[in-house]
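Biologist: Thanks for sharing this one. Could you take a close look at a single helix for me, and then walk me outwards into its surroundings?

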Amino acid sequence: MTTTTLSAPGAPARTGGGDASGPALRARRTRLLHWIAVHTVAVAAALFFVLPFAFVFLTSVMSDGQAMSGELWPTEWHWSNYATVFHTPGFLDWWKNSLMYAGLGTLFTVCSAVPVAYALAKFRFRGRRAAMILVISTMMLPPQVIVIPMYLVWAQQLHLSGSLWPLIIPMAFGDAYSIFLLRQFLLTIPQEYIESAKVDGCGEVRTLLKIVVPMAKPGIAAIALFQFFYCWNDYFGPQIYAAQNPGAWTLSYGLESFKSAHNVDWNLTMAATLLIMVPVILVFFFAQKAFVEGVTLTGVKG
Amino acid sequence: MALNTRAPALRRKKMREKLRTVGFLSPWLVGFSVFFGYPLLATIYFSFMHYNQIEQPAFVGLKNWKYVLTQMPLFGPALWNTLWLVVVMVALRVVFGLGIGLLVTKIKSGAGFFRTAFYLPYLAPPVAATVAFVFLLNPGTGPVNEILGAVGIDAPSWFNDPNWAKPSLVLLSLWGIGDLMVIFMAALLDVPREQYEAAELDGAGAWGKFRYVTWPAITPIVMFAVVTGVVQTMQYYTQALVAGKLASGITIGPGTVIQPGYPDHSTLTVPQLVYSLGFQNFNTGAACVLSLVLFVIAMAVTTLLMRKRAGLLPAED
């Protein structure tokens, strides 16, 4: 698949050769062939990306028996499967927990990342480069590297295991990835705006809140979205801290047990799977611009 | 005289600036020391201890290190699987992402639809995407094998076959190519059009244009994608764990202790082994040794990343 996508844009350009008709006609034919080739590949690729969603959806509305049959199209449409999922004990709690983790986590992250990113982007001080290197290093580290001592502190000293607080509280102290991304964004704000605010008598805090934050809204939106998605999708964190207390599970963590509890009911599992995907996809559609901007920001060179 | 009066004022200003910097950085300074510095040091400490999380830790010297590096049976498979994924998954993701990125820039009709369709799977939460793929590819009743069977292809058992489990994970990762697609698309659109026109005048074909115009322009982004891909793949955990657990068909809750890596340790990655050692076997010492091995590899890659200036740390910093 990969090789066809790579060669497709160029390949048709050559097939137009050896034609006796005029150059204008030939050019038009080449363009047409090119169009056909590109869009054929595009449709094939779209099938690869979209069909999994389609199969998940179709299975989610099948009857229990049919979901185990290997048939592709539902004979009867059991919309009630979705109600059954919602009435599964715990499912609503998982929703609530996911929202709390993602909501508070995002709020804490943004509040703590803004001043740090601002200082790293706009202040000149000794050790700035070292600080940036440390931020990037933390960002790159697998979370498993430090999880054991952290777990021991939360569980044995603070007695907070069995809840999501060990995941939420650290976010009030700066998340490396958010700091890095926001700092890249803040670098693009011209120094003159900050200087003129100072000339007008603004202190650092006022400059940050009145001038920088409004200008950095797209960047802040991007890190907020990323953090929301990170928390929503997190599996490792809840597994470490909330595993022993089903009342504290999140959707991402609970989904797996859903499959287990319902044994082989693929239809209900697929309904639950879709229900977990939907909020993220809705958030994306409402905030598409900020999101794509954030993704490109990761690749931006300073 | 003038110097004398100005020096303290200047020093006061410097002092104030320093305090201001520290103040703004303070959330991160606290976070970095408490949630990174401390646990890292503690990990090193525990790697020399025998500690089962009930009795007091006891010093055992290099015993844990020797055990993990030379005796532990699962260390080899875990390291091999992680390296396999780092090489194969990252390479295929970059090539596929570049291909899809190129494709998207060529689409004339329905560009918005295609872009969204290609991007959406990236948004699917990893657990949900994995559950979906385990269903799609299940050898009994999965739609993929139903279709392959209908057209007469002898389909593999995907997540249930030790030889196919990792390729299945790669397939899952290619489905979520959206992030790389967007990055490559942005980079490709940034290549100046005049350069293509100039290359065309010089008689360059499609391949020539890609090789001499596109490729040099996007190399930094490709480099960036490779290095961040390597870093991400070294942390590869959720998808491998969930796929292994679900495919194994063991129908008990996620709190249950099952050895990860089904089938035949073929999906066991280093991070999973850290979890298994530390939270299932309560062998804190060995788990910390393995954490540090992972740490060293990750640091080596990170250093490479900053050396090669893969777009992460601006040169003037």
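Which residues of H7(B) are buried?

Modeller: Happy to. First, a word on the model and its labels. This is a predicted model, in which local features need pLDDT of at least 70 and side-chain atom pairs count only at pLDDT 80 or more, while totals for chains, interfaces and linings use all residues. Residues are numbered from 1 along each chain as its sequence is written, and chains are lettered from A and ligands numbered from 1 in the order in which they are written.

Now to your helix. The buried residues of H7(B) are Ala165(B), Lys166(B), Ser168(B), Leu169(B), Leu172(B), Ser173(B), Leu174(B) and Trp175(B). "Buried" here requires 20 or more other C-beta atoms within 10 Å of a residue's own, "exposed" 12 or fewer, and "partly exposed" covers what lies in between, with C-beta atoms placed from the backbone. Helix H7 of chain B spans residues 165-175, and because eight of these 11 residues are buried, the rest of the structure largely encloses the helix. Helices (H or I, at least four residues) and strands (E, at least two) are DSSP runs, numbered from the N terminus.

What surrounds H7(B)? Its buried residues pack against helix H3 (75-106), helix H4 (111-123), H5 and H11 of chain B, and also against H3 of chain A. Two of these neighbours, H5 (residues 126-136) and H11 (residues 238-248) of chain B, pack on one another: their axes come within 9 Å and cross at roughly 40°. Such axes are lines fitted to C-alpha atoms, for helices over the stretch in contact, and the angles run from 0 to 180 degrees between N-to-C directions. The crossing of H5(B) with H11(B) is right-handed, a term for a near helix turned clockwise from the far one by less than a right angle, anticlockwise being left-handed. From H5(B), Pro126(B), Val127(B), Thr130(B), Val131(B) and Val134(B) meet Thr238(B), Gln239(B), Val242(B), Ala243(B), Leu246(B) and Ala247(B) of H11(B). Eight of the residues in this contact are nonpolar, three are polar and none is charged. In this scheme Ala, Val, Leu, Ile, Met, Phe, Trp, Tyr, Cys and Pro count as nonpolar, Asp, Glu, Lys and Arg as charged, and the others, Gly among them, as polar.

Following H11(B) onwards, the loop between H11 and helix H12 (270-280) of chain B holds Pro263(B). The peptide bond leading into it from Tyr262(B) is cis, with omega near -10°. Elsewhere in chain B, Gln53(B) sits in the loop between strand S1 (49-50) and strand S2 (58-59). Gln53(B) is not a glycine, yet has a positive phi of about 70°. Most residues other than glycine have a negative phi, and most peptide bonds are trans.

Stepping back, chain B has 13 helices and two strands, and 44% of its 317 residues count as buried. The C-alpha atoms of chain B fill a box of roughly 95 × 70 × 30 Å along the principal axes. The radius of gyration of chain B is 26 Å, where a compact globule of 317 residues would be near 20 Å; this is taken over C-alpha atoms, with the globule rule being 2.2 Å times the number of residues to the power 0.38.

Finally, across to the partner chain. 83 residues of chain A are in contact with 88 residues of chain B, a contact being two C-beta atoms, placed from the backbone, within 7 Å. Helix H3 (residues 23-60) of chain A gives the largest share of chain A's side, 13 residues. That side has 54 nonpolar, 24 polar and five charged residues. Chain A also has a mostly covered helix of its own, H10 (residues 176-186), with 10 of its 11 residues buried. Among them are Phe180(A), Arg183(A) and Phe185(A).
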